[in-house]
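Got the viewer open and a selection box ready? Here is a short tour, stop by stop.

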Amino acid sequence: FILFLQEFEDTLKYIASIRPRAEQYGICRIVPPSSWKPPCPLKEKKMWENSRFATRVQRVDKLQNRDPMRKMSEANKNIRRKRRRCMRMAIDCGPDSGSISGSDAGLSELEGFGFEVGPEFTLDKFQKYADNFKTQYFRLKENDVNMEGKMAILQDHHEPSIQNIEGEYWRIVEKATEEIEVLYGADLETGVFGSGFHKKLNQVGLASDEKYIKSGWNLNNFPRLSGSVLSYESSDISGVLVPWLYVGMCFSSFCWHVEDHHLYSLNYMHLGAPKIWYGVPGKDASKLEKAMRKHLPDLFDEQPDLLHKLVTQLSPSILKSEGVPVHRCVQNAGEFVLTFPRAYHAGFNSGFNCAEAVNVGPVDWLPHGQIAIELYREQGRKTSISHDKLLLGAAREAVKAHWELNFVKNYTSDNMRWKDVCGKNGVLSKTLKARVEMERLAREFLCSSSQAVKMDRNFDATSERECCICFFDLHLSAAGCRCSPDRYACLNHAKHLCSCARDAKFFLFRYDI
């Protein structure tokens, strides 16, 4: 979608307007107006040449086709690890500038397959390293004979096309004939390294640039915009409410995954070579999961939560053959990519680039978030936000907006936004009613009213409280026992909390029904 300036003013209103057309694809590229050019502090000399970041080592040829770790462990006892293609191509960036040392530091094989810790770089040195790898790789490819016996068509010093890079990437992933290792500066905390958007007025040189600090498209503002229920989360959760930065090189990959709590995400490309994306609509998420388990059964047997680890690709051609709809887009510098709730996405970089991403939770996300926490409970997976806290925060804000509309006649755009999600068929009303009914049934069948205690309002004020059995969030209710004062369970697992008699337990309720 290409935006016009007037559409660009209200970020969440624009996203809501394209949702009926775009959500069916899972991902959507958004091109800002040509006049929208935010200054990027990453390009400033001090940051470009001095700020250092850690990298991860990615074996591209092992993203899809690899043995389970137990088999790899056996092989590694007898085979000394080789210095791989990426290592041989590395330029000498000088001592302590991020040059490869051939270190084998990495994850324990007992923890499952993962990306090893790579060397540190500055942006300046990483760009040189990445450019050198890409140039040498495709220059060597010119001299390789492909499987049909024909010479590759690339000319000397010719920049490979996106299609050429994409074809080579999936050849490596699906049918590698050599080991290919690349580096990726992924999940870099902008609170530590710095953001690609300015955050403070004194950081901007021109008065005309101040609009970018306040813009809803500035990813530092995006998660807590009016209308995003993440604004009711007080903690600065890194990667969810505080953006992460990604510094890529050719073939560096982000593997198939959905966002935490099935949130929306927005990715902005600050500079560099295009990023190729693949997306699967949220309604087809279970189809993708089924296809991946079918084609990679040994990996899932060893790591049932493999898709939570972000270390596994499966080619779009295989997914399509299993009836999974896969959509593609190419993100250029200065463009956004939006991912929708529970939409699996994956991709790779075509060369050196810097991007930044963060999450957001418009009210229409709430039913998706409810499904996510119920799935997490089944899987015994930890939550990163309190869904109930966000849901109740949205309900309070809606009540306030209705009061202002009805009694003060304050017809602001924010108040009107809340009116649209309420009423008999409003998404907020329906989600809240369903959650209250779920809570009512749990209390009716699992609790004794004589053992009910009012929950202290600060019960989860400083940190999230979770069930010690399934990690379900305990914002609304919890079961406890006098034998273990700091240990709590959800109502479903009250009887599993301890071996004490039922009448020794008590139930904490934040509100009555």
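Start with the whole chain: among contacts (heavy atoms within 4.5 Å) between residues at least 6 apart in sequence, 79% join residues at least 24 apart. Before zooming in, note that this is a predicted model, where local features need pLDDT of at least 70 and side-chain atom pairs count only at pLDDT 80 or more, while totals for chains, interfaces and linings use all residues. Numbering starts from 1 along each chain as its sequence is written, and side-chain values use heavy atoms, with hydrogens and water left out.

Colour by secondary structure and you should find 15 helices and 15 strands. These are DSSP runs numbered from the N terminus: H or I of at least four residues for helices, E of at least two for strands. Now switch on the surface. The accessible area is about 24600 Å², and carbon and sulfur atoms own 52% of that (Shrake-Rupley method, 1.4 Å probe; for residues, only the protein chains shown count as cover). Of the 513 residues, 53% are buried; buried is under 20% relative accessible area, exposed is over 50%, and partly exposed is in between, with a 1.4 Å probe and protein chains only.

**Stop 1: the eight-stranded sheet**

Select β1, β10, β7, β12, β5, β4, β2 and β3: in that order they make an open sheet with antiparallel pairing. Two strands pair if DSSP finds at least two bridges between them. At the edges sit β1 (27-30) and β3 (116-122), each pairing on one side only. From one strand to the next, the twist averages 25 degrees. For angles, axes are lines fitted to C-alpha atoms (for helices, over the stretch in contact), and values run from 0 to 180 degrees between N-to-C directions.

Zoom in on β2 (52-59), which runs antiparallel to β3 and is joined to it by five bridges. Which residue of β3 stands opposite Ala54? Pick Glu120 and you have it. Next, add helix α2 (11-22), lying across β1, β7 (264-272), β10 (336-339) and β12 (353-360), at about 130 degrees to β1.

**Stop 2: the four-stranded sheet**

Now select β6, β11, β8 and β9, another open sheet, in that order and with antiparallel pairing. Its edge strands, β6 (253-257) and β9 (327-331), each pair on one side only. Neighbouring strands here are turned by 15 degrees against each other on average, direction ignored. Three bridges join β6 to the antiparallel β11 (344-349); to check one of the partners, click Phe254 and look for Gly347.

Two helices are worth showing as well. Helix α7 (162-175) packs on the sheet and touches β6, β8 (275-280), β9 and β11, with its direction at about 110 degrees to that of β11. Helix α9 (285-295) lies across β6, β8 and β11, at about 65 degrees to β11.

**Stop 3: strand β14**

Go to β14 (477-481). Why is β14 largely enclosed by the rest of the structure? Because five of its five residues are buried. In a regular strand, side chains alternate between the two faces of the sheet. Here both faces are covered: Ser477, Ala479 and Cys481 are buried on one side, Ala478 and Gly480 on the other. Its antiparallel neighbour is β15 (505-509), joined by five bridges, with Gly480 opposite Phe506.

**Stop 4: salt bridges**

A whole-structure search turns up 28 salt bridges, each a side-chain nitrogen of Lys or Arg within 4 Å of a carboxyl oxygen of Asp or Glu. Try Asp61 and Arg59, at 2.7 Å from N to O; both residues are buried. Arg19 and Glu23 meet at 3.3 Å, N to O, and Arg19 is partly exposed at 28% relative accessible area.

Then move to helix α15 (427-446), where Arg440 and Glu437 are three residues apart and so separated by about one helical turn. Their side chains form a salt bridge at 2.8 Å, N to O. Arg440 is partly exposed at 30%, as is Glu437 at 35%. Also select Asp388, Arg435, Glu439 and Arg443, which salt bridges with shared partners join into one network.

**Last stop: a nonpolar patch**

Show Trp403, Phe407 and Val408 on the surface: together this nonpolar patch has about 370 Å² of accessible area. Patches are built from residues with over 30% relative accessible area and no salt bridge, joining like charges within 9 Å and nonpolar side chains (Val, Leu, Ile, Met, Phe, Trp, Tyr) within 5 Å. Trp403 itself belongs to helix α13 (387-408).
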